[in-house]
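Open the model in your viewer and keep the selection panel at hand. The stops below run from the middle of the sheet outwards, then on to side chains at the surface.

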Amino acid sequence: MVEQFSRTELLIGEEGIIKLNKAKVAIFGLGGVGSYVLEGLVRAGVENFILVDNDLISESNINRQLLATHKTINKAKVEVAKERVLEINPKANVEIHKEFFLPETKPLFDKDVSYIVDAIDTVTAKIELIMRANKMNIPIISCMGTGNKLDPTRFEITDIYRTSVCPLAKVMRKELKDRGIKKLKVLYSKEEPIKLPKDEKQEKQVPGSIAYVPSVAGLIIAGEVIKDIIK
């Protein structure tokens, strides 16, 4: 028993730890949700990662993103994430891609990936990632909207076609149905989004966020990925 994972092994057994050690998880998006997904997975024992995100850390990220501090401002999220993973588990293998995932993006993973986490904001990118995962028969979980919400107890894991309330889920249901995708595991919230006052200075309304909502979403997703890997 490795001391670092001894408390976890009490819950899931040696076989569970071995399965997590061997698993390879690709995480797309390392913001408020994705950064906590990564944290939950590496601390549980997952040792192989593909991390994809094009962003640099900004001061406005500090309120909700695990990787964001005043020391990491202007650093690439994927680089900060890799450094953090290796500080937690020096044995981990971390492949990083500093790029914005789009339909034209070259293949970033193959069938040796155990699980894909979609924590991307853009609908077009989410759909493309889901389509690729579906084609390659790789399990994927997709995060719906976490912005403009205050109640983390309203999150749940379900199939995309059983979702309600969430505006992003509504768009995704239509787009995926049009493409023949019959099922998709998602995390979404039943909480009605809070309507923000319109900011005339901004062309696009920036969603409001608070520390404990996307973080809870990320850890719920991490838990679901872990349960699926060890079952």
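**Stop 1: the enclosed strand**

Select β1 and look at its two faces: Lys24, Ala26 and Phe28 on one side are buried, and so are Val25 and Ile27 on the other, leaving both faces covered. Buried stands for under 20% relative accessible area, exposed for over 50%, and partly exposed for what lies in between, with a 1.4 Å probe and protein chains only. Strand β1 spans residues 24-28, and because five of its five residues are buried, the strand is largely enclosed by the rest of the structure. Strands and helices here are DSSP runs numbered from the N terminus: E over at least two residues for strands, H or I over at least four for helices.

This is a predicted model, in which local features need pLDDT of at least 70 and side-chain atom pairs count only at pLDDT 80 or more, while totals for chains, interfaces and linings use all residues. Residues are numbered from 1 along each chain as its sequence is written, and side-chain values use heavy atoms, with hydrogens and water left out.

**Stop 2: the neighbours of β1**

Add β2 (residues 48-52), which pairs with β1 in the parallel sense over five bridges. Two strands count as paired if DSSP finds at least two bridges between them. Within this pair, Ala26 has Ile50 of β2 as its bridge partner. Now show α2 as well: β1, α2 and β2 make a right-handed β-α-β unit. Right-handed means that, with the strands pointing away from the viewer, the path from the first strand over the helix to the second runs clockwise.

Next, select β4 (residues 115-118), which pairs with β1 in the parallel sense over four bridges. Two contacts to pick out are Ile27 with its bridge partner Val117 in β4 and Phe28 with its bridge partner Asp118 in β4. Both faces of β4 are covered too: Tyr115 and Val117 are buried on one side, Ile116 and Asp118 on the other.

**Stop 3: outwards to the edges**

From β4, go on to β5 (residues 140-143); the two pair in the parallel sense over three bridges. Val117 has Ile141 as its bridge partner in β5. With helix α4 (residues 123-136) included, β4 and β5 make a right-handed β-α-β unit.

Now colour every strand of the sheet. In what order do the seven strands lie? The order is β3-β2-β1-β4-β5-β7-β6, in an open sheet with mixed pairing. The edge strands, each pairing on one side only, are β3 (93-97) and β6 (155-159). From one strand to the next, the twist averages 20°, taken between axes that are lines fitted to C-alpha atoms, for helices over the stretch in contact, with angles running from 0 to 180 degrees between N-to-C directions.

At the β6 edge, select β7 (residues 185-189), which pairs with β6 in the antiparallel sense over five bridges. Asp159 stands opposite Lys185 in β7.

**Stop 4: charged pairs**

Switch to side chains. A salt bridge is a side-chain nitrogen of Lys or Arg within 4 Å of a carboxyl oxygen of Asp or Glu; by this rule the count comes to 16.

Pick Glu39 and Arg43, whose closest N and O atoms are 2.6 Å apart in a salt bridge. They sit four residues apart in helix α2 (residues 34-44), so about one helical turn separates them. Glu39 counts as buried at 10% relative accessibility, whereas Arg43 is partly exposed at 48%.

Then find Glu99 and Lys106, a salt bridge with its closest N and O atoms 3.3 Å apart. Lys106 is partly exposed, with a relative accessible area of 48%.

Move to helix α6 (residues 212-230), where Glu224 and Lys227 lie three residues apart, about one turn of the helix. Their salt bridge has its closest N and O atoms 3.4 Å apart, and Glu224 is buried at 13% relative accessible area. Which residues belong to the network here? Salt bridges that share partners join Lys185, Glu224, Lys227, Asp228 and Lys231 into one network.

**Stop 5: one more helix**

Finish at Arg173, placed in helix α5 (residues 167-178). Arg173 is partly exposed, with a relative accessible area of 22%. Draw a distance from its C-alpha atom to that of Lys190, 17 residues apart along the chain: the separation is 15 Å.
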